[in-house]
Amino acid sequence: MRRFSFKKLVRDKIPDDTARNGGKAMVKILNDAEYLSELNKKLVEEVEELSRDGKVDSSELADVYEILDAIKKVLKITDGQIEQERRAKAEAKGIFEKRLYIEYQEVPETFPFISYYEKNPDKYPEIKE
């Protein structure tokens, strides 16, 4: 029998499906910290798959929702709490309705977020002229 490394969080029925098809899945149960870490990895994986071909697939979007629900459950966060945060951010920063895309920003040395930009050069590389 051939062996393939998985090393990732899977849906609950996957090991049973493997067994039904003549295979064997070596499974471990994650503790809360491991589970949350793997959920975060899975979320990134699913978001990347969501638009892999340049089009949104409702099946992949459903996977993202499933993972978000699991994360909420682990963190004991309610939909009401999330909605309250969403509204507060919408009020303070706006939403994404206008489809604004910033190519770059020119900011003074006193700009409130300049230290954040400097600490994250991979995300916000400084343009040297």
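These exercises work through a helix, two loop residues and a surface patch in a predicted model.

**Exercise 1. Helix H4**

Determine how the span of H4 relates to the expected value, and how many of its residues are buried.

*Solution.*
Step 1: H4 covers residues 79-93, which is 15 residues.
Step 2: From first C-alpha to last, H4 reaches 20 Å. At 1.5 Å a residue, 21 Å is expected, so the two values are close.
Step 3: Buried requires under 20% relative accessible area. The count of buried residues in H4 is zero. H4 is hardly covered.
Step 4: Gly 94 follows H4. Its phi is positive, near 90 degrees.

**Exercise 2. Positive phi at Lys 76 and Arg 99**

Locate Lys 76 and Arg 99, then classify the exposure of Lys 76 and of Arg 99.

*Solution.*
Step 1: Lys 76 is not a glycine, yet its phi is positive, about 55 degrees. Lys 76 sits in the loop between helix H3 (58-75) and H4.
Step 2: Arg 99 is not a glycine either, and its phi is positive at about 60 degrees. Arg 99 belongs to the loop between H4 and helix H5 (114-119).
Step 3: Exposed means over 50%. Lys 76 has 70% relative accessibility, so Lys 76 counts as exposed. Arg 99 has 77%, so Arg 99 counts as exposed.

**Exercise 3. A nonpolar patch**

Which residues form the nonpolar patch on the surface, and where does Ile 14 lie?

*Solution.*
Step 1: The patch consists of Phe 6, Val 10 and Ile 14. Together they have about 250 Å² of accessible area.
Step 2: Ile 14 lies in helix H1, residues 14-20.
Step 3: Ile 14 counts as partly exposed because its relative accessibility is 34%.

Key: Residues numbered from 1 in each chain as written. Predicted model: local features only at pLDDT ≥ 70, side-chain atom pairs only at ≥ 80, totals over all residues. Heavy atoms only, no water. Helix = DSSP H or I, 4+ residues; strand = E, 2+ residues; numbered from the N terminus. Buried < 20%, exposed > 50% of the residue type's maximum accessible area, 1.4 Å probe, protein only. Patch = residues over 30% accessible without salt bridge, like charges linked within 9 Å, V, L, I, M, F, W, Y side chains within 5 Å. Areas by Shrake-Rupley, 256 points an atom, 1.4 Å probe, with all protein chains shown as cover. Salt bridge = Lys/Arg side-chain N within 4 Å of Asp/Glu carboxyl O.
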